[in-house]
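Student: Could you take me through one part of this chain in detail? I would like a close look at a single loop residue and then at what surrounds it in the fold.

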Amino acid sequence: MKSFKFSNFMVIAAACLLFPVYQAKAEVLYVDSYLTPTVMSSPLVTGSQYTIIVTGTYVYDSYYNTLADAEWAQNNPPIPPEPWVENRHVAGFADLQDLLIDEVPRDWWGTTDGEHFFPHTYSPSHEYRLYDFIGTGQPLAFRIEDSWGSAIQDNNGSLRVEIIPEPATLLLLGLGGLALLRKRRV
Ligand SMILES: [Ca+2]
Ligand SMILES: [Ca+2]
């Protein structure tokens, strides 16, 4: 009888641990660069941490066919090809070609080995990340900054954004469920 109760408890505990994992799925968005529309995510869970992964390039200047990704861009003109430069904030200038979240420029971390990500690092794979992004219960607004008037709204292509709940968040949600269950049993 005792062992039956214990196994019963374990099944419920496992369900409680796995339910938030099932619920907290990654979300994928595509942020179009043409006319730079704002793309909204689903609401993030308040207090939960997320990793945001951005991949891809887009043409930000159709005349020179110049490329940009979430954080770096090629200088004009690309013949001969010039090195990529980081889209850092410069006082008096818009954060051109940067991928904004909620209209705020971000320091997207890049990688040279595809595994370890660091600030101010160019990614040859054009993959960039933000770690430990904390949800506030609100959706996130993504927009590519290319706002020097309508004359340069000549872009082509989009960036892929993936919003992934971090394992620590999933574990905490699971432990929360377990704690509630234990409390109920007392
Ligand atoms: Ca443009
Ligand atoms: Ca930036």
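Tutor: Let's start with Leu35, which is exposed because 11 other C-beta atoms lie within 10 Å, and a residue counts as exposed at 12 or fewer. Bear in mind that this is a predicted model. Leu35 sits in the loop between S1 and strand S2 (39-40). Its backbone deserves a look as well: Leu35 has a positive phi of about 65°, although it is not a glycine. Most residues other than glycine have a negative phi.

A useful counterpart is His126, with a positive phi of about 60° and again not a glycine. His126 belongs to the loop between strand S10 (117-118) and S11. Is His126 buried or exposed? His126 is buried, because 20 other C-beta atoms lie within 10 Å and the burial cut-off is 20 or more.

Both loops lead us to one sheet. S1, which borders the loop of Leu35, and S11, which borders the loop of His126, belong to an open sheet of 4 strands ordered S1-S13-S3-S11, with antiparallel pairing. Strand S1 (27-32) and strand S11 (127-134) are at its edges; each has a single partner strand, so one side of each is left without a neighbour in the sheet. On average, neighbouring strands here are turned by 20° against each other, direction ignored. The partner of S1 is strand S13 (residues 158-165), joined to S1 by 6 antiparallel bridges. Within that pairing, Asp32 has Ser158 in S13 as its bridge partner.

On the other side of the Leu35 loop comes S2, and S2 leads to another sheet. This one is open, has 3 strands in the order S2-S12-S8, and is paired antiparallel. S2 and strand S8 (99-101) are its edge strands, each pairing on one side only. S8 and strand S12 (residues 141-144) are linked by 3 bridges in the antiparallel sense, and Leu100 stands opposite Arg143 in S12.

Asp98 is in the loop between strand S7 (84-86) and S8. Asp98 is buried, because it has 25 other C-beta atoms within 10 Å. Leaving out residues up to four places away in sequence, Asp98 touches Glu71, Asn87, Pro105 and Glu145. The C-alpha atoms of Asp98 and Asp69 are 7.8 Å apart, although 29 residues separate the two along the chain.

What does the largest nonpolar core look like? It has 21 residues, and those with the most contacts inside it are Val31, Ile52, Val54, Ala70, Leu99, Leu159 and Val161. At least two core residues come from each of strand S3 (49-55), strand S4 (58-61), strand S6 (72-74), S12 and S13. S3 gives the largest share, 4 residues. Setting aside neighbours within four places in sequence, Val54 is in contact with Ala70, Leu99, Trp108, Tyr128, Leu159, Arg160 and Val161. In soluble globular proteins, nonpolar side chains tend to be buried together.

Finally, the whole chain puts these details in context. Its secondary structure comes to 2 helices and 13 strands. Of its 186 residues, 22% count as buried. Among contacts with a separation of 6 or more, 68% are between residues 24 or more positions apart.

Note on methods:
Residues numbered from 1 in each chain as written. Chains lettered and ligands numbered in written order. Predicted model: local features only at pLDDT ≥ 70, side-chain atom pairs only at ≥ 80, totals over all residues. Pairing = 2+ DSSP bridges. Axes fitted to C-alpha atoms, helices over the stretch in contact; angles between N-to-C directions. Contact = placed C-beta atoms within 7 Å. Core = buried A, V, L, I, M, F, W, Y, C linked by C-beta atoms within 7 Å.
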